[in-house]
Every structure is written in structure tokens, then in C-alpha cells.
Amino acid sequence: MLNRVRSAVAHLVSSGGAPPPRPKSPDLPRANSSPTADPPEAPRSPPAKAGRGKAAPEKTAETRASFSRPTFLQLSPGGLRRADDHAGRAVQSPPDTGRRLPWSTGYAEVINAGKSRHNEDQACCEVVYVEGRKNVSGATREPYGGQGLYFYYWGLFDGHAGGGAAEMASRLLHRHIREQLQGLVEILQDPSPPPLCLPSTPGTPGFSDPTHVVGPHSCSSSQKEVTHESLVVGAIENAFQFMDEQMAQEWHGHQVEGGCCALVVVYLLGKVYVANAGDSRAIIVRNNEIIPMSREFTPETERQRLQLLGFLKPELLGGEFTHLEFPRRVQPKELGQKILYRDQNMTGWAYKKIELEDLRFPLVCGEGKKARVMATIGVTRGLGDHNLKVYSSTLPIKPFLSCFPEVQVYDLTQYEHCPDDVLVLGTDGLWDVTSDDEVAATVDRVLSAYEPNDPSRYTALAQALVLGARGTPRDRGWRLPNNKLGSGDDISVFVIPLGGPGSYS
């Protein structure tokens with residue numbers, strides 16, 4: 001066991017995802033389908049061709065995903081090769097050809113400095129139409145006239161152990177969100193409180209007709225207050241779980257390996273919903289004020305949840321790990337001595353007498369960016385990772401990883417926003433070397449150099465943030481102006497202006 005753990009620490013993987021089992025979604029989007037309610041979607045940037053004189057290897061789904069980049073970048077085969085160059089690390093942004101991302105959103109990305117073979121980040125930006133379900137009689141509702149809803153969608157997916165999970169999530173997660181919202185279309189447009197019960201449409205499990213609802217008193221004499229906002233939050237949470245389930249179902253047949261962190265923004269009916277599962281981050285910079293819109297999920301921030309699961313289900317530890325945490329690895333010579341520890345109930349520290357079981361490797365070890373679950377993975381929430389095992393072991397790590405995001409809500413209608421107010425989304429490649437304050441300073445510096453009505457200012461800001469985190473090549477590495485190491489990770493950034501939906505095409 002000790003040799004396996006030593007090997008694991010030397011071959012650390014990063015990032016995470018996970019779910020408890022649940023019934024299947026009644027209408028899962030398929031990996032190879034394109035629902036008609038989505039706007040027409042251009043094909044992804046094509047894969048780079050095999051080198052001259054070599055036979056192109058048979059592509060698995062993961063290999064294809066590794067070579068693809070977001071559709072909206074519109075990369076040619078030559079552009080894709082430049083985007084895949086670890087030496088040059090050219091920053092990629094959508095072409096300035098007149099048609100911009102929704103809300104004039106800015107985007108920029110750059111590949112890692114050799115950490116993985118390809119850029120394992122993925123991104124998606126869509127306008128999605130949600131059509132209400134059929135009513136009980138089976139008659140199809142009209143798609144317009146107040147019956148349907150549009151939502152704006154942005155997603156960043158930071159892959160690890162391969163790009164397959166991130167690529168799959170970038171194509172399908174917004175469709176899962178649409179599926180979850182379909183039964184809520186009329187409820188969300190009705191100002192009255194949501195009904196407690198919805199009858200199922202005969203012959204179609206899970207289909208409901210909001211016009212034929214059961215009053216709250218027929219189900220219960222009293223009920224908690226439920227808001228429309230909480231219904232949207234629940235729809236996003238369920239969509240993440242269904243996405244994770246689909247990855248598990250299709251992992252064997254499509255060889256979609258690895259996992260990904262997921263940071264998603266949904267704008268619907270005047271509110272911005274920020275859902276985060278992993279260690280990416282979102283902040284709002286408004287009038288030079290920083291408003292955090294997410295928090296990172298790491299072995300340190302979720303220590304107590306992980307320890308509680310290990311305490312309640314010790315079989316998940318395989319007799320190789322202990323759920324207790326110690327300031328350092330306990331040594332055999334310390335048996336019988338009292339050493340500092342903490343368990344799932346503690347935020348402070350206490351002393352305990354060391355027993356034989358305490359010599360096992362701790363479930364959570366390390367600190368900061370080196371913190372790991374089972375000496376393997378550095379994030380505790382995300383999508384995928386269904387095949388992830390402890391290094392040189394068959395012990396699965398997935399039971400300790402959660403696919404559920406934390407969702408924070410920001411009401412755009414409550415504030416008067418100016419063109420310099422933005423929501424910044426970034427994968428950890430940005431935040432590893434850039435603080436919130438430094439991002440806010442860059443926002444002020446870059447946007448002040450452009451006219452307020454110049455739509456290219458947000459792309460310029462995204463590029464400046466990526467360049468600032470990447471640094472410049474110097475001393476056989478990438479260095480920041482202060483000579484510290486720049487980010488060697490993939491870096492992806494969205495800059496979403498918050499001037500209000502009426503200000504954008």
C-alpha cells in the first residue's frame with residue numbers, strides 16, 4: 001500500500017465529478033442527436049490531419065474530442081494546429097467578422113505548456129429556446145405567443161485525464177437544462193406561486209401539464225414557500241446529474257474517458273444563474289466592486305463531507321485509507337502516542353491516541369493546489385470520472401465525487417449597470433496565478449481604453465486576462481512581469497457584459 005501511495009503522489013491527476021444513482025431522465029439528449037429546438041449549429045473545428053507518411057490512427061471518441069475546439073472559434077485546420085501548439089501558445093478568440101457571441105460576450109483561450117497532449121478545456125455559448133410540453137389532451141401548444149422561453153447559456157468545462165468528458169458536456173449540458181425547463185415553461189411565466197403537485201400525462205411518465213394542477217391543500221394542509229427562482233435552480237441541478245448519468249451510460253461504448261469541472265451561466269427571465277462544480281471561478285466586477293459568484297470545490301473545502309462519507313461507509317476506503325486527518329503522515333513508531341487529528345465533525349484540532357488503523361493513508365491529504373482525495377484527484381465536484389481509480393489499485397474514487405453544482409443567483413433587474421460591469425468566468429488556469437483584485441484592475445484598465453459602445457472591448461478584455469495569466473516565454477518557461485511562473489495550464493475565459501439584455505442583440 002505504501003508503495004502504491006508513493007507512486008500515486010508522483011503521478012497526481014487533477015480535477016473531479018459525481019452522483020448518487022437515480023431514475024433515468026424520460027428524454028435524455030443523445031450524443032449524436034441534434035434536437036430541433038436548438039438553433040442550427042456549425043460543425044466543430046475539424047481535427048488536425050495525421051503527419052505525412054503516417055497512417056492516421058483509428059480515432060476513439062476521446063481522441064476526436066481532444067482535437068476539437070469550440071465551434072464559435074471557427075478555426076480552420078491550420079488554425080487548429082496553431083491552437084494546439086504548446087511552444088507558441090497563441091491566444092485564440094472568435095474572429096471579428098461582424099457576427100458576435102450573444103451579448104457581445106468576449107472569449108479567449110490558450111493551450112497548456114505541455115501538461116497534456118491537447119487543450120482539455122471546452123466552452124459553449126448558446127441561445128436556447130424552451131418549448132412547453134404537450135398538454136394532457138395531447139394537443140401541441142403553439143411555439144410562440146408567450147408559450148415558450150429563451151435562455152442564454154455560457155459554459156466552461158475544464159477537462160482532466162482526457163478531453164472526452166469536457167467535449168461531451170459542452171455539446172449536451174445545455175440540452176439537459178432545456179429538458180428540465182420544458183415542464184416549467186408556463187409555471188415560470190405565471191406570477192402566482194408554483195403549484196405543489198402536477199399530474200402526469202397518461203402514458204408518458206414524467207410529462208406534466210401545468211394548466212391542470214392540483215391545489216396545494218389537496219396534497220397537504222400546509223407547504224413551504226417555493227419560488228420560481230428555486231425551480232430554475234433545481235432544473236440546473238438535475239441537468240448536471242442527468243449529464244453525469246449519460247456519461248456513465250455512454251462511457252463503455254464511446255470510450256469517453258476522464259472528467260471535467262463545469263462552470264455554467266444561465267440567463268433567464270431577468271436573473272443570472274451561476275452553477276459551479278469544480279475549481280473554476282466566476283466573479284462580477286461592478287462599479288469596481290468584486291462580487292464572488294462561485295466557490296471552488298476541493299479536498300480542503302469539502303473535507304468534512306468527504307470524511308463523513310468515509311465514516312458512514314468505511315467499505316469505500318478499501319482498508320487502505322483512514323477518514324481521519326492528521327497534520328502529517330503518522331509513522332509506525334508513533335503508535336500509542338497522542339497526535340493532533342480532526343474528523344468529520346471538527347473544524348478545530350484535538351489529540352488522539354494513535355492506533356493501528358491510523359497508519360493508513362489519509363482520505364484527504366496535502367494542502368492548497370496539492371490537496372488530493374485518495375492521493376489522486378484535486379477537485380471534488382464535476383462531471384465524469386466514472387473510471388477513475390486509486391493509482392495502481394482497483395479502488396474507485398467516484399463515490400467521493402459529486403456532480404451537483406452550487407448555484408448562485410444574481411438579479412440583473414435590481415441594479416443599474418453600466419457598460420463596464422462584467423461577469424468574468426475562468427478555468428483554474430486563470431485563477432492559479434491571478435487574484436480577483438488583479439482581474440478587476442485589468443477590467444478597469446482595458447475597458448477604459450475602448451469606447452463604451454465598442455463591442456470588441458469584451459474580447460480584448462478576455463484576451464488581456466489570458467495573456468496576463470500565460471505570461472511570456474523566458475528562461476525556458478512562461479514568466480509573468482514579476483518573474484514568477486505564469487500558468488502552464490489550459491486557460492479559458494468568458495467576459496459577459498451586464499448592461500442588461502435589452503442592450504444586446
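A residue counts as buried when its relative accessible area is under 20%, as exposed when the value is over 50%, and as partly exposed in between. The exercises below concern a predicted model.

**Exercise 1.** Classify Glu-167 and Arg-171 as buried, partly exposed or exposed, and describe how the two residues are paired.

*Solution.*
Step 1. Glu-167 has a relative accessibility of 9%, and therefore counts as buried.
Step 2. Arg-171 has a relative accessible area of 22%, so this residue is partly exposed.
Step 3. The two residues form a salt bridge, in which the closest N and O atoms are 2.8 Å apart.
Step 4. Both residues belong to helix H4 (residues 164-182); because they are four residues apart there, about one helical turn separates them.

**Exercise 2.** Determine which parts of the chain are linked by the salt bridges of Lys-369 with Asp-428 and Asp-432.

*Solution.*
Step 1. As a general principle, side chains of opposite charge can pair when their charged atoms come close.
Step 2. Asp-428 and Lys-369 meet through their side chains in a salt bridge with an N to O distance of 3.3 Å.
Step 3. This pair links distant parts of the chain, 59 residues apart: Asp-428 is in helix H9 (residues 428-431), and Lys-369 is in the loop between strand E12 (364-365) and strand E13 (372-373).
Step 4. Asp-432 also forms a salt bridge with Lys-369, with 3.2 Å between the closest N and O atoms.
Step 5. Asp-432 lies in the loop between H9 and H10, whereas Lys-369 lies in the loop between E12 and E13, so this pair ties together parts 63 residues apart in sequence.
Step 6. The two acidic partners fall into separate accessibility classes: Asp-428, at 6%, counts as buried, and Asp-432, at 39%, counts as partly exposed.
Step 7. Together with Asp-279, the residues Lys-369, Asp-428 and Asp-432 are linked in a network of salt bridges. The structure holds 20 salt bridges.

**Exercise 3.** Characterise the crossing of helices H10 and H11.

*Solution.*
Step 1. The axes of H10 (residues 436-447) and H11 (residues 457-470) come within 10 Å and cross at roughly 140°.
Step 2. H10 is therefore oblique to H11.
Step 3. The handedness of this crossing is right-handed.

**Exercise 4.** Locate Leu-312 and state which nonpolar surface patch includes this residue.

*Solution.*
Step 1. Leu-312 lies in helix H8 (residues 303-312).
Step 2. With a relative accessible area of 57%, Leu-312 is exposed.
Step 3. Leu-308, Phe-311 and Leu-312 make a nonpolar surface patch of about 300 Å².

Notes:
Residues numbered from 1 in each chain as written. Predicted model: local features only at pLDDT ≥ 70, side-chain atom pairs only at ≥ 80, totals over all residues. Heavy atoms only, no water. Patch = residues over 30% accessible without salt bridge, like charges linked within 9 Å, V, L, I, M, F, W, Y side chains within 5 Å. Areas by Shrake-Rupley, 256 points an atom, 1.4 Å probe, with all protein chains shown as cover. Salt bridge = Lys/Arg side-chain N within 4 Å of Asp/Glu carboxyl O. Helix = DSSP H or I, 4+ residues; strand = E, 2+ residues; numbered from the N terminus. Buried < 20%, exposed > 50% of the residue type's maximum accessible area, 1.4 Å probe, protein only. Axes fitted to C-alpha atoms, helices over the stretch in contact; angles between N-to-C directions. Parallel < 35°, antiparallel > 145°, perpendicular 65-115°, else oblique. Left-handed = near helix turned anticlockwise from the far one by under 90°.
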